[in-house]
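The following exercises are to be worked through with the sequence and the model in view. Each task is followed by a solution in steps.

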Amino acid sequence: MAATDARLASLARAGASSLLHGRIEARIERALQKRQDLGVREYSLQQIADALVLGQSATTRPVTRLKG
């Protein structure tokens with residue numbers, strides 16, 4: 001019985017964490033969209049491009065190939 005309770009508590013914490021993560025991500029997405037006219041993914045790719053001193057399209061193409 002205790003093992004089941006522990007699993008349920010663990011699932012509840014994981015669910016709460018997932019909900020919180022989603023809320024934070026949505027808030028960041030809205031702020032980026034409003035201030036930078038970018039989504040989270042585009043912003044992340046731009047950071048990579050800036051760090052590598054590459055244009056965004058030069059970074060996007062290889063990342064798109066990796067996803068495909």
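**Exercise 1. The surroundings of a glycine**

Setting aside residues up to four places away in sequence, determine which residues G39 touches, and decide whether G39 is buried or exposed.

Solution. The model is a predicted one. Step one is the list of contacts: G39 touches E29, L32 and Q33 once residues up to four places away in sequence are not counted. Step two is the location, for G39 is found in the loop between α1 and α2, the latter covering residues 40–52. Step three is the accessibility. The cut-off for a buried residue is under 20% relative accessible area. G39 has 6% relative accessibility and therefore counts as buried. A last step relates G39 to I28: the two are 11 residues apart along the chain, and their C-alpha atoms are separated by 8.8 Å.

**Exercise 2. The residues around the first loop**

State which residues L38 contacts beyond its neighbours within four places in sequence.

Solution. L38 lies in the loop between α1 and α2. With neighbours within four places in sequence left aside, L38 is in contact with E29, L32, Q33 and Y43. A separation to R7 can then be added: L38 and R7 are 31 residues apart along the chain, with 39 Å between their C-alpha atoms. For the backbone, consider D37, which comes just after α1 and takes a positive phi of about 55°.

**Exercise 3. A patch on the surface**

Identify which residues form a nonpolar patch on the surface, and give the accessible area they have together.

Solution. The patch is formed by L20, I24 and I28, which together have about 270 Å² of accessible area. Take I28 next: its place is in helix α1, residues 2–36. With a relative accessible area of 43%, I28 is partly exposed, because that class lies between the limits of 20% and 50%. The spacing of the three names may be read with a general rule in mind. An α-helix has 3.6 residues a turn, so residues three or four places apart point the same way. G22 also has its place in helix α1 and, at 33% relative accessibility, counts as partly exposed. G22 and V63 are 41 residues apart in sequence, and 23 Å apart in space from C-alpha to C-alpha.

**Exercise 4. The spans of two helices**

Compare the spans of α1 and α2 with what is expected at 1.5 Å a residue.

Solution. Begin with α1: it has 35 residues and reaches 50 Å from its first C-alpha to its last, close to the expected 51 Å. For α2, the 13 residues should span 18 Å, and the end C-alpha atoms are 18 Å apart, which agrees. α2 is followed by V53, whose phi is positive, near 55°. Within helix α2 is found I48, which counts as partly exposed at 40% relative accessibility. I48 and P62 are 14 residues apart in sequence, with 12 Å from C-alpha to C-alpha.

**Exercise 5. The protein as a whole**

Establish how many helices and strands the protein has, and decide whether it is more spread out or less spread out than a compact globule.

Solution. The secondary structure comes to 3 helices and 0 strands, and the pattern along the sequence is α-α-α. The radius of gyration is 18 Å, well over the 11 Å that the globule rule gives for 68 residues, so the protein is more spread out than a compact globule. Along the principal axes, the C-alpha atoms fill a box of roughly 55 × 30 × 20 Å. Of the 68 residues, 7% count as buried. The protein exposes about 5900 Å², of which carbon and sulfur atoms supply 59%.

How values were computed:
Residues numbered from 1 in each chain as written. Predicted model: local features only at pLDDT ≥ 70, side-chain atom pairs only at ≥ 80, totals over all residues. Heavy atoms only, no water. Patch = residues over 30% accessible without salt bridge, like charges linked within 9 Å, V, L, I, M, F, W, Y side chains within 5 Å. Areas by Shrake-Rupley, 256 points an atom, 1.4 Å probe, with all protein chains shown as cover. Salt bridge = Lys/Arg side-chain N within 4 Å of Asp/Glu carboxyl O. Helix = DSSP H or I, 4+ residues; strand = E, 2+ residues; numbered from the N terminus. Buried < 20%, exposed > 50% of the residue type's maximum accessible area, 1.4 Å probe, protein only. Contact = heavy atoms within 4.5 Å. Rg over C-alpha atoms; globule rule 2.2 N^0.38 Å. Expected span 1.5 Å × (residues − 1).
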